[in-house]
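Please open the model in the viewer and keep the selection panel at hand. The tour proceeds from one selection to the next and describes what is found at each stop.

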Amino acid sequence: MRALDFDYMLGLVPVILSYVPITLAMAGASMVLALALASLLAVERVIRVPVLDNLVVLFISFFRGTPLLVQLFLFYFGLPQLLPALANINGVTAAVMGLTLHFAAYMAESIRAAIAGVDRSQWEAAQSIGMTQAQMMRRIILPQAARIAAPTLVNYFIDMIKGTSLAFTLGVTEMMGAAQKEAAGSFLYFEAFLVVAVIYWIMVEALSQVQGRLETRLNKAFAR
Amino acid sequence: MISIRGLTKSFRGAPVLRGIDLDIEDGEKVVVIGPSGTGKSTLLRSLNFLDVPDAGQITVGDLTVDAARASKSDILALRRRTGFVFQNYALFANKTAKENIMEALVTVQKRPRAEAEERALSVLRETGLAEKADSYPAALSGGQQQRVGIGRAMALGAEVLLFDEPTSALDPEWVGEVLDLMRRVAEKSQTMIIVTHEMQFAREIADRVVFMDGGKIVEAGPPSQIFDAPRDDRLRRFLKRVGREQGAG
């Protein structure tokens, strides 16, 4: 067994770090879009609009039931063949699209469950003062559902950050893509992928810290 | 003026309200009593469509809603003329005492925030909870939560306040403060319909007492008639039973 080339690894750290922004940008954009879409899907699942409900169920079933990598390939390589307008779709856009739809499907289910977990008295109180359904959702139910759903949603965000690594298969040079290129030049595969693994790990750990603070904030109203 | 005509409601085929007719004058205090499971709460909840009645008409002021044909906007309009006080308080858990009261003013009545806040603070002073304005419900006692609940309903400026067993979920030590607040609300010639098991309170606050049994109004009249000279056998038996339980004469 050969020794690890620590000098090479140290030199690689700033190279990989310079791709943290593109990774975070993809994850951040996908998270915001997925949250918005998931909230809409979840609300629809709760109020069940005829016909639309069937479409939403189908959407969630497909995007939960197929691998993320397959979905990314469908968007990047497949769709442009059907829709010439998408011929110039770039890898980042396709990745954000894929991550958004994939994770929205998962998040919709956990938000739906969280909405169902909000006490019935909260719905009745909102109705009793004459709120419309939209007002009730936005002002009373979703904020309380957010608290219930927060831990699982942060887990999905962690998954999403790691999921951005698949974008390198669409030709995007993000952290994983950069590590792959470096490794291909130096043949030091173990070192290169170990560096990128540790950087992902640190990012996720940092996020876990944020998670703790977020949950404290969301629980503020419920502390005695 | 509130007018209820032929109100019926069934739950899964089991009739709970079997045709309720009731007229209530402006400023009148009506207390509804009767055995449990007899439709008292359902009557109250039907009046603002928390339970959707099967048939009948509800008139509040110049608004008449036909239960069988009520549109969404009918229901909203009716709810905006009625304030509801829940047995389990049902304060918005994600909002402070002050925000609980402001919510309807800002979101439903579209009043400016500053005005709503001023109104909320003045209601909190009336309920004796000014210093709890920024507390969340979880940090309040049952009695304090229910006082905020009453404040939330008061602030609406509704034509009628509906109280659904407002003290039944409270520890005995908090019942007095809630009843006191209701007495103060009553003094302001607010129309009130109250479902309660507090017979002494009913006798004291009611202009009229309505006794329900089996989904119907069996007897109605001033407290002196209902409590001192009840005519119907079921009412007599009910009063005897409650009297024993409450240790009163």
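**Helix pairs in chain A**

Select helix H6 (residues 120-128) and helix H7 (residues 133-163) of chain A: their axes come within 10 Å and cross at roughly 165 degrees. An angle over 145 degrees counts as roughly antiparallel, and H6(A) is therefore roughly antiparallel to H7(A). The model is a predicted one. The crossing of H6(A) past H7(A) is right-handed.

Now display the side chains at this contact. From H6(A), show Gln122(A), Trp123(A), Ala126(A) and Gln127(A); they meet Met136(A), Met137(A), Ile140(A), Ile141(A) and Gln144(A) in H7(A). Colouring the residues of this contact by class gives six nonpolar, three polar and no charged.

Keep H7(A) selected and add helix H2 (residues 20-47) of chain A. The axes of H2(A) and H7(A) come within 10 Å and cross at roughly 135 degrees; the two helices are therefore oblique to each other. H2(A), too, passes H7(A) in a right-handed crossing.

On the H2(A) side, the residues to show include Thr23(A), Ala27(A), Met31(A), Leu35(A), Val43(A) and Ile47(A), while those on H7(A) include Gln133(A), Met137(A), Leu142(A), Phe157(A) and Ile161(A). Which classes make up this contact of H2(A) with H7(A)? There are 13 nonpolar residues, four polar ones and no charged ones.

**The interface between the chains**

Next, select the residues of chain A and chain B that contact each other: chain B contributes 26 residues and chain A 22 residues. The area buried between the two chains is about 2,200 Å², with carbon and sulfur atoms giving 56% of it. Within chain B, highlight Phe92(B), Asn94(B) and Ala138(B), which supply 24% of the area that this chain buries against chain A, more than any other three residues.

**The four-stranded sheet of chain B**

Move on to the open sheet of four strands in chain B, ordered E2-E1-E4-E5, with antiparallel pairing. Strand E2 (14-24) and strand E5 (63-66) of chain B each have a single partner strand, so one side of each is left without a neighbour in the sheet. On average, neighbouring strands here are turned by 20 degrees against each other, direction ignored.

Zoom in on strand E4 (residues 55-60) of chain B, which is joined to E5(B) by four bridges, the two strands running antiparallel. Within this pair, Val60(B) has Leu63(B) in E5(B) as its bridge partner.

Two helices may now be added. Helix H1 (residues 40-47) of chain B lies across strand E1 (2-11), E2 and E4 of chain B, at about 115 degrees to E1(B). Helix H2 (residues 72-79) of chain B packs on the sheet and touches E4 and E5 of chain B, its direction making about 130 degrees with that of E5(B).

**The six-stranded sheet of chain B**

Finally, select the open sheet of six strands in chain B, whose order is E6-E7-E8-E3-E9-E10 and whose pairing is mixed. Its edge strands are strand E6 (82-85) and strand E10 (216-221) of chain B, each pairing on one side only. Neighbouring strands of this sheet are turned by 20 degrees against each other on average, direction ignored.

Inside the sheet, strand E7 (residues 160-164) and strand E8 (residues 191-195) of chain B run parallel and are joined by five bridges. Label Asp164(B) to find Val195(B) of E8(B) opposite. As the last selection, take helix H5 (residues 142-155) of chain B, which packs on the sheet, touches E6 and E7 of chain B, and makes about 175 degrees with the direction of E6(B).

Notes. Residues are numbered from 1 along each chain as its sequence is written. Chains are lettered from A and ligands numbered from 1 in the order in which they are written. This is a predicted model: local features need pLDDT of at least 70, side-chain atom pairs count only at pLDDT 80 or more; totals for chains, interfaces and linings use all residues. Side-chain values use heavy atoms; hydrogens and water are left out. Two strands pair if DSSP finds at least two bridges between them. Axes are lines fitted to C-alpha atoms, for helices over the stretch in contact, and angles run from 0 to 180 degrees between N-to-C directions. Contact means heavy atoms within 4.5 Å. Angles under 35 degrees count as roughly parallel, over 145 as roughly antiparallel, 65 to 115 as roughly perpendicular and the rest as oblique. A crossing is left-handed if the near helix is turned anticlockwise from the far one by less than a right angle, and right-handed if clockwise. Ala, Val, Leu, Ile, Met, Phe, Trp, Tyr, Cys and Pro count as nonpolar, Asp, Glu, Lys and Arg as charged, and the others, Gly among them, as polar. Buried area is the accessible area (1.4 Å probe) that two parts lose on being put together, summed over both.
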